[in-house]
Amino acid sequence: DEQIKNPQGGEFFRKPGPDSPEVQYIMNNREKLGGCLPLRTPAKISGLIDLPDTELFNLFNGGSPKEMSTTMAFAALLRRLMKAGEFGRRCVPMVTDEARTFGMNSFFHEFKIHAPFGQHYTPVDHDILMKYAEAPDGQILQEGISEAGALCTWIATGTSYASQGCPMMPFFIYYSMFGFQRVGDIIWQAADARARGFLLGATAGRTTLNGEGLQHQDGHSLLIGVSNPAVIGWDPSFAYEVSYIIEHGIQEMWGKDKDLIYYISLYNENHPMPEVPADPVWKEHMLKGLYKFRPAKEGMSHTVRLIGSGSIMQQVLKAADMLEDFGVASEIWSATNYGELYREAVRAEREARLRPHEAKPSCHVSDCLSDWTGSTVIASDNVIAYPKLIEKYVGGELVVLGTDGFGRSDTRTALRRFFEVDSESVTVAALSALSRQQKISPDVVTGAMEKYGLKLERPDICMDHELST
């Protein structure tokens with residue numbers, strides 16, 4: 001210690017002067033490496049690259065009677081984006097497995113899989129149009145069955161705007177269960193590194209990916225995503241929602257230079273896609289996390305609010321038709337983002353707390369739902385805790401239906417009945433809420449339960465020990 005304190009050093013320590021060759025060598029090389037303190041100089045993307053025109057994202061505005069999934073909608077949009085000039089050349093699709101499951105088989109031949117040394121084998125599907133194809137200039141990154149490895153590549157791509165001064169937009173699509181559930185710590189690392197890009201949790205939902213049991217069926221990624229400040233998690237129901245959410249993400253990340261990660265749940269259930277609503281504010285409200293999809297019919301005895309998201313929106317729409325048989329009209333809302341509704345509400349509460357002499361600021365979820373005195377039913381393919389983030393901001397009687405518990409290997413119909421998120425369960429939940437408000441008789445509820453075969457008893461072989469032994 002004394003030798004270290006001595007300006008001249010000692011027997012074991014020497015302190016060369018600032019003009020010595022040794023110090024000069026160290027300082028010169030340190031300067032070449034960027035200086036003594038770490039310095040981050042990201043490219044300002046908003047001034048470098050022209051973003052796609054809004055018209056590119058209008059492809060689903062008219063809806064389609066032909067059934068498709070939100071996963072297929074994403075694939076169709078991504079194909080368009082990859083042809084959008086300079087921006088398209090900077091799009092980097094990534095898959096670890098099951099690219100054909102995600103509707104990307106047509107990408108192989110058109111955009112090729114990146115392989116530095118080219119393709120040196122004949123694939124088994126070489127004789128079909130959409131064959132597997134690799135090339136040194138391929139644009140798709142096929143990472144092999146390793147979400148951890150792929151996310152490391154995703155981070156390198158999503159931070160290239162800062163590390164290389166070369167912005168790239170990664171789109172990593174994977175089985176949703178293998179994201180936050182399996183490699184959530186690496187997603188946290190991505191946020192820490194200020195990565196920008198899209199994570200697409202495909203085959204999402206506890207009941208929508210049918211038949212694959214607790215290993216694959218995801219109902220909690222969106223809830224985990226709320227814990228990551230950089231993650232904006234979306235649960236779209238319709239093709240046009242997927243399209244405009246991706247447009248919004250591109251504008252936020254590259255148009256406004258925000259360090260964000262957009263996580264989007266995509267489902268593999270096919271259904272007709274509606275056209276965009278006539279309400280002129282629907283898009284603005286959708287991007288805030290909640291909008292009115294359809295007003296209630298007039299002339300009914302009672303009216304309820306039904307809020308759906310993801311693939312379970314189809315069950316909500318069916319329930320609305322079923323409730324008409326009981327003289328109940330339904331106002332339908334689409335919740336694209338409970339997490340952002342919650343975060344905005346928390347910010348408003350903080351502002352109100354620290355500005356006691358001013359009027360309490362509003363938030364979108366309260367503006368939409370707090371003044372309601374009737375009954376509201378929320379249904380999703382996620383755990384109940386996720387939509388319950390907005391519970392305190394909803395007026396009247398609220399019922400939340402979700403998919404708590406392990407996934408199960410069964411049909412969609414059986415899974416949705418077990419987790420009580422099918423159309424019949426939504427219908428009974430709405431009637432039960434009306435009954436608790438003394439607007440209808442409890443006998444109507446029990447009659448509906450008998451009609452639809454709903455029972456209080458729900459054996460769970462996963463958790464009921466007397467059933468599993």
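How many helices and strands make up the secondary structure of the protein? The secondary structure comes to 19 helices and 15 strands. Keep in mind as you look around that this is a predicted model.

**The whole chain**

Let's start with the overall picture. There are 469 residues in the protein, and 51% of them count as buried. Measured out along its principal axes, the C-alpha trace spans about 95 × 70 × 55 Å. The accessible surface comes to about 22500 Å², and carbon and sulfur atoms account for 52% of that.

What about contacts along the chain? Take the contacts between residues at least 6 apart in sequence: 76% of these join residues at least 24 apart. As for charge, the protein carries 46 positive and 60 negative side chains. The centres of those two sets lie 4 Å apart.

**The largest pocket**

Now for a spot worth finding on screen. The largest pocket holds about 450 Å³ of space. It is lined by 22 residues, and the closest to its centre are Leu401, Phe419, Glu420, Ser425 and Arg458. Which elements give two or more residues to this lining? They are strand S15 (397-401), helix H16 (412-419) and helix H17 (423-436). H17 gives the most, with five residues.

**Two residues with positive phi**

Next, a pair of backbone oddities. Lys112 is not a glycine, yet its phi is positive, at about 65°. You'll find Lys112 in the loop between helix H5 (105-111) and strand S3 (113-114). Asp257 is another residue other than glycine with a positive phi, this one near 55°. Asp257 sits in the loop between helix H11 (239-255) and strand S9 (261-265).

Is Asp257 buried or exposed? Its relative accessible area is 19%, and buried means under 20%, so Asp257 counts as buried. Lys112, with a relative accessible area of 26%, is partly exposed.

**Two residues inside helices**

Here are four residues from this report with their accessibility side by side.

| Residue | Relative accessible area | Status |
|---|---|---|
| Lys112 | 26% | partly exposed |
| Asp257 | 19% | buried |
| Ala319 | 0% | buried |
| Thr71 | 2% | buried |

Ala319 belongs to helix H13, residues 313-324. Which residues does Ala319 contact, leaving aside its neighbours within four places in sequence? They are Leu306, Ser423, Val426 and Thr427. Ala319 is buried, with a relative accessible area of 0%. For a sense of distance, Ala319 and Phe111 are 208 residues apart in sequence, and their C-alpha atoms are 43 Å apart in space.

Thr71 is placed in helix H3, residues 70-81. Not counting residues up to four places away in sequence, Thr71 touches Thr101, Phe102, Ile173, Ala202, Leu266, Tyr267 and Asn268. Thr71 is buried too, at 2% relative accessibility. How far apart are the C-alpha atoms of Thr71 and Leu200? They are separated by 8.9 Å, although the two residues are 129 residues apart along the chain.

Technical notes: Residues are numbered from 1 along each chain as its sequence is written. This is a predicted model: local features need pLDDT of at least 70, side-chain atom pairs count only at pLDDT 80 or more; totals for chains, interfaces and linings use all residues. Side-chain values use heavy atoms; hydrogens and water are left out. Helices (H or I, at least four residues) and strands (E, at least two) are DSSP runs, numbered from the N terminus. Buried means under 20% relative accessible area, exposed over 50%, partly exposed in between (1.4 Å probe, protein chains only). Contact means heavy atoms within 4.5 Å. Accessible areas come from the Shrake-Rupley method with a 1.4 Å probe; for residues, only the protein chains shown count as cover. Lys and Arg count as positive and Asp and Glu as negative; His and the chain ends are not counted. The place of a charge is taken as NZ of Lys, CZ of Arg, CG of Asp or CD of Glu. On a 1 Å grid over the protein atoms alone, a cavity is a set of points where a 1.4 Å probe fits but cannot get out, and a pocket is an open set with protein on both sides within 12 Å along at least five of seven lines; lining residues have an atom within 4 Å of a point. Grid points are joined across faces, edges and corners, and a volume is the space filled by probe spheres set on the points.
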